[in-house]
Amino acid sequence: MAVLELEQVGVRYGEVVALDQVEIVIGRGEVVAVLGANGAGKSTLFDVLLGLLRPGDGTVRVFGRAPGGALRSRVGAMLQNAGLPGQVSVAELVRLVGRSYPSSLSVDEVLDRVGLSRKRDRTVEVLSGGERQRLLLAMALVGEPELLVLDEPTAAMDVDARRGFWERTRASVGEGVTLVFATHDLAEADAVADRVLVLQRGRLIADASPAVLKRQVSRVMVTVSTDAPHEVVAAWDGVDRVEEPLDAAVVDGLWKLHVWANAAENVVVPMAQAGFRMRGLSVDEADLEEAFAELTATTAGPGSPAATQGAA
């Protein structure tokens, strides 16, 4: 049985279409990232999944039933706009949330899982941004949910804190737990998710694994140290754009260029024919950020189906 099912779901705020005929099925144990620019519909989608908002069109099912109500005991949520009372301690708040579930983890266990054991007696108001995010995760985990919904959970964290957060999250969710999260960090989605959903203006324009999305991009990035002028390389056939790293230093008369091109030959062949020097040549496939940029730039207008489907 599917954990989440959306069939032709539509949500409008007056003239604004927040979700436009969205269809999604998510199975048990999947880790799914939801991507999209601000206003793409991510938060509205999460409100619909959690039963906080009833769609104007379509059907939403969570564990085969309408969301909300008794199903909330099977779902843990970490929302972007969640407020926290400042005067209570970390342990008191987690204990209070745990009491709302039929069964729950002990406070000590869940705080250990998220790395807040040493902060258990601190009041919420003195926590850092990253610690608040870990507290919200503890509140989402304490009821041992079968479905975990996280809306931009690492938004307030630096790189190290973000890495630690996902290590704790993946270790904390039990086998078979379904995890759905929204993020603006495409490297994070690439590293964590089995599957990626891309929303644009309320429409689902892609549903695939990160690997499949990256294979959709026709370009490669050629990195090379050369004496070829930036503007000369940019004018060659098959070259999309040229970037010069801000911290790149000129060494032995050579400077580093990142060249996005249809193929490596579009860079290497004319560079060699023109007699420019080359050193440290490397060719990289597109990353998820490049795939996302190309997908959202080229997707057809409203009414089109998802551009890419299948989590192969």
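On one side of helix α9, Glu265 and Gln273 are exposed. The model is a predicted one. Helix α9 spans residues 265-273. Val267, Pro270 and Met271 of this helix are buried. Viewed down the helix axis, these buried residues fall within an arc of 105°, so they line one face of α9. The cover over them includes β10, α8 (230-234), β11, β12 and β13. The helix lies across β10, β11, β12 and β13. Its direction is at about 165° to β13. Just after α9 comes glycine 275, with a positive phi of about 80°.

The strands beneath this description form an open sheet. The sheet has 4 strands, in the order β11-β12-β10-β13, and the pairing is antiparallel. Strands β11 (239-243) and β13 (278-285) stand at the edges. Each edge strand has a single partner, so one of its sides is left without a neighbour in the sheet. On average, neighbouring strands are turned by 20° against each other, direction ignored. Strands β10 (residues 220-226) and β12 (residues 255-261) run antiparallel and are joined by 7 bridges. Within this pairing, valine 222 stands opposite valine 259 of β12.

Helix α3 (residues 107-114) also has buried and exposed positions. Val107, Val110, Leu111 and Val114 are buried. Their arc around the axis is only 100°, which puts them on the same side of α3. Asp108 and Asp112 are exposed on the other side. Glycine 115 follows the helix, and its phi is positive, near 75°.

Helix α1 (residues 42-49) is mostly covered. Of its 8 residues, 6 are buried. These are Lys42, Thr44, Leu45, Phe46, Val48 and Leu49. A glycine again comes into view at the end of the helix: glycine 51, just after α1, takes a positive phi of about 75°.

Positive phi values also occur away from glycine. Most residues other than glycine have a negative phi. Glutamate 144 has a positive phi, near 50°. This residue is found in the loop between α4 (129-141) and β6 (147-151). Glutamate 144 counts as partly exposed because its relative accessibility is 46%. Glutamate 152 is not a glycine either, and its phi is positive at about 45°. The loop between β6 and α5 holds glutamate 152. Is glutamate 152 buried or exposed? With a relative accessible area of 11%, glutamate 152 is buried, since the cut-off for buried is under 20%.

Aromatic rings come next. A pair of aromatic rings is described by the distance of the centres and the angle of the planes. A search of the whole structure finds 1 such pair. Tryptophan 166 and phenylalanine 181 form the pair, with 4.6 Å centre to centre and 55° between the planes. The arrangement is tilted. Tryptophan 166 lies in helix α5 (residues 159-172), while phenylalanine 181 lies in strand β7 (residues 178-182). The pair therefore ties together parts that are 15 residues apart in sequence. Both partners can be placed by their accessibility. Tryptophan 166 is buried, at a relative accessible area of 6%. Phenylalanine 181 is buried too, at 0% relative accessibility.

A ring also takes part in a contact of another kind. Arginine 74 lies over the face of phenylalanine 63. The distance to the ring centre is 3.9 Å.

Glutamate 7 belongs to strand β1 (residues 4-13). Its relative accessibility is 38%, so glutamate 7 counts as partly exposed. Which residues does glutamate 7 touch, not counting residues up to four places away in sequence? Glutamate 7 touches Val22, Glu23, Gly58, Thr59 and Arg61. Arginine 95 is 88 residues from glutamate 7 in sequence. In space, glutamate 7 and arginine 95 are 37 Å apart, C-alpha to C-alpha.

Terms used. Residues are numbered from 1 along each chain as its sequence is written. This is a predicted model: local features need pLDDT of at least 70, side-chain atom pairs count only at pLDDT 80 or more; totals for chains, interfaces and linings use all residues. Side-chain values use heavy atoms; hydrogens and water are left out. Rings of Phe, Tyr and Trp (its six-membered ring) pair if their centres lie within 6.5 Å; planes under 30 degrees apart count as stacked, over 60 as edge-to-face and the rest as tilted. Helices (H or I, at least four residues) and strands (E, at least two) are DSSP runs, numbered from the N terminus. Buried means under 20% relative accessible area, exposed over 50%, partly exposed in between (1.4 Å probe, protein chains only). A charge sits over a ring if NZ of Lys or CZ of Arg is within 6 Å of the ring centre and within 35 degrees of the ring normal. The arc is that of the directions from the helix axis to the C-beta atoms. Two strands pair if DSSP finds at least two bridges between them. Axes are lines fitted to C-alpha atoms, for helices over the stretch in contact, and angles run from 0 to 180 degrees between N-to-C directions. Contact means heavy atoms within 4.5 Å.
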